[in-house]
Amino acid sequence: MSQHTADPAQAPSTSASTSASASVPADAPTGWWRDAVIYQVYPRSFADSNADGMGDLEGIRSRLPHLRDLGVDAVWLSPFYASPQADAGYDVADYRAVDPMFGSLLDADAVIRDAHGLGLRVIVDLVPNHSSDQHEWFKRALAEGPGSPLRERYHFRAGKGADGELPPNDWESIFGGPAWTRVADGEWYLHLFAPEQPDLNWDHPAVGDEFRSILRFWLDMGVDGFRIDVAHGLVKAAGLPDLGAHEQLKLLGNDVMPFFDQDGVHDVYRAWRLILDEYAGERIFVAEAWTPTVERTALYVRPDELHQAFNFQYLGAYWDAVELRDIIDRSLDSMRPVGAPATWVLSNHDVTRHTTRYANPPGLGTQQRVAADPALGLRRARAATLLMLALPGSAYIYQGEELGLPDVVDLPDEVRQDPSFFRAAGQDGFRDGCRVPIPWTVDGPSYGFGAGGSWLPQPASWGALSVEAQTGVPGSTLEMYRSALAARRVHPALGAGDRVAWLPAPEGVLAFRREPRGDGEAFVCVANTTGADVRVRVPASARTLLTSSAADDIQHGDGHAVVPADTTVWFTV
Ligand code: NOJ
């Protein structure tokens with residue numbers, strides 16, 4: 001993890017984990033991203049500067065000091081590009097323009113500059129699998145009709161059946177329904193997501209050329225990296241063969257599909273990596289790659305491809321010691337051979353927040369509409385966070401989790417905007433619950449989100465969860481995150497390396513040791529996933545550094561400690 005510096009893109013890191021000497025030349029690699037904590041900003045819901053109820057870039061800029069104070073290394077911004085917002089900005093009409101609802105390119109420049117001034121790197125979202133149906137290419141492809149060269153940049157096909165009335169193959173959209181829509185002239189086009197998100201044809205050279213140019217555009221703007229949306233989807237199996245299976249969504253993440261995780265995607269990323277490496281400042285790619293196994297995920301982060309890939313297998317694990325240990329081991333084991341850091345993530349804008357997931361019994365999936373025991377959910381979520389932040393590698397935090405925000409599980413149907421909610425006739429698509437604008441102040445309109453309302457209604461209880469309400473309050477979730485991230489800076493052992501040393505522990509408890517890379521203290525992390533206090537052996541020298549529950553010093557000093565139910569404790573040893 002890098003210490004904060006004036007310009008992360010240029011300045012040498014003084015990180016204790018990487019500083020071989022004080023005279024590191026500006027471009028010497030620091031590997032800052034290997035143990036970075038990266039904060040996801042969802043621009044619609046972070047901060048609203050113009051009282052229109054929708055977050056924007058100026059709002060983000062004004063709240064960057066919160067992220068500096070929190071102690072993260074980088075900010076990942078979900079899309080803010082010109083878009084009709086059919087999928088909250090993941091339908092891009094112009095990859096080089098900012099949507100007026102978020103501001104202007106000047107505002108984007110100001111965010112990047114100010115973030116750098118505060119020592120924060122900036123990662124932007126790139127959406128290469130599909131464009132918006134309002135993208136210039138697609139509009140022209142439609143207008144020009146069958147035979148238009150622009151149609152070759154997407155997947156247009158004749159239909160099956162006597163009159164072409166059936167879709168060209170049996171693929172289903174991730175958002176429900178067929179993955180094909182028929183246009184007025186009779187041809188069909190492919191969209192793995194909403195009909196407003198036509199898939200681009202990555203076999204067409206113009207598509208690759210365009211995205212390499214888009215990469216350079218944002219790199220020239222000074223961004224420090226890209227999160228690649230649907231990184232596993234760009235290349236489709238030749239001939240677009242039928243899948244031959246029903247309930248295809250159940251296969252996602254379990255099998256290689258003809259539209260996901262095809263080996264050809266890796267050629268794209270090798271070409272992109274060459275571009276990125278032309279730029280100074282160790283810029284990075286992180287892949288949103290849903291693959292069947294962590295081993296296949298590792299293929300995306302080979303040394304000449306991307307830097308990181310989200311660990312969705314970890315996100316999908318329940319608060320269960322056996323399950324967690326298994327995925328931790330498999331993640332570290334799969335990344336070690338390719339030399340990439342493991343990543344850890346508990347929440348994002350597509351899944352029910354972990355505070356709510358852990359309030360419920362296991363097996364409900366990643367989009368949930370109930371919170372059975374909210375207090376238990378928060379207690380476990382805090383413990384899960386300290387466990388995550390003690391693991392080697394890089395961690396992702398989703399805006400609002402530092403406040404312990406739950407999902408809003410009772411949003412009325414009429415305010416929902418998730419496209420899959422409509423495609424699936426209200427049976428699915430509950431991502432709005434984790435996208436409700438976050439509270440900054442105890443009172444005031446939209447709890448300081450903006451001077452007006454908020455595009456999704458906030459619960460009345462959220463003033464008490466605001467940044468203002470929690471700041472300086474010992475034991476608050478916000479202060480726990482701040483303390484944990486401060487500790488990662490002071491004690492690089494917490495994020496360093498590529499392995500953990502497991503210690504013997506009672507059933508339901510995870511205990512492991514983390515060694516410093518040189519001088520410094522070692523750590524022991526104990527996570528008790530059970531609903532009862534447990535007595536665990538810890539080295540006699542152990543001192544409590546941080547706990548996820550309100551327990552004060554829990555060290556007993558006799559080589560044992562009592563770790564309360566659903567609690568994680570960090571010890572220095
Ligand atoms: C993944 C994004 O995280 C999600 O929000 C979006 O709907 C799909 N990709 C399609 O772009």
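Helices H1 and H2 cross in a left-handed sense; that is, the near helix is turned anticlockwise from the far one by less than a right angle, while a clockwise turn would be right-handed. The model is predicted: local features need pLDDT of at least 70, side-chain atom pairs count only at pLDDT 80 or more, and totals for chains, interfaces and linings use all residues. Residues are numbered from 1 along each chain as its sequence is written, and side-chain values use heavy atoms, without hydrogens or water.

H1 spans residues 57–70 and H2 residues 105–117. Helices here are DSSP runs (H or I, at least four residues), numbered from the N terminus. The H1 and H2 axes lie 9 Å apart, at an angle of about 15 degrees. Each axis is a line fitted to C-alpha atoms over the stretch in contact, and angles run from 0 to 180 degrees between N-to-C directions. H1 and H2 are therefore roughly parallel (angles under 35 degrees). Leu57, Ile60, Arg61 and Leu64 of H1 touch Asp107, Ala108, Ala110, Val111, Asp114 and Ala115 of H2. Contact means heavy atoms within 4.5 Å. These residues divide into 7 nonpolar, no polar and 3 charged. Ala, Val, Leu, Ile, Met, Phe, Trp, Tyr, Cys and Pro count as nonpolar; Asp, Glu, Lys and Arg as charged; the others, Gly among them, as polar.

Next come H4 (residues 205–221) and H5 (residues 265–278). Their axes come within 11 Å and cross at roughly 25 degrees. That makes H4 roughly parallel to H5. The crossing of H4 and H5 is right-handed. On H4, the contact uses Phe211, Arg212, Leu215, Arg216 and Leu219; on H5, Trp272, Ile275, Leu276 and Glu278. The split is 6 nonpolar, no polar and 3 charged.

Further along the chain, H10 (residues 374–388) packs with H13 (residues 477–490). The angle is about 10 degrees and the axes are 11 Å apart. H10 is thus roughly parallel to H13. Leu378, Arg382, Thr385 and Leu386 in H10 meet Thr477, Met480, Tyr481 and Ala484 in H13. This contact has 5 nonpolar, 2 polar and 1 charged residues.

Now the ligand. It is surrounded by 14 residues, each with a heavy atom within 4 Å. The closest are Asp87, His130, Asp229, His349 and Asp350. A polar side-chain atom of Asp87 lies 2.5 Å from a ligand oxygen atom. For His130, such a distance is 3.0 Å. For Asp350, it is 2.5 Å.

Note on methods. Helices (H or I, at least four residues) and strands (E, at least two) are DSSP runs, numbered from the N terminus. Angles under 35 degrees count as roughly parallel, over 145 as roughly antiparallel, 65 to 115 as roughly perpendicular and the rest as oblique. A polar contact is a pair of N or O atoms within 3.5 Å; within protein, one must be able to donate a hydrogen and the other to accept it, and residues adjacent in sequence count only if both atoms are side-chain atoms.
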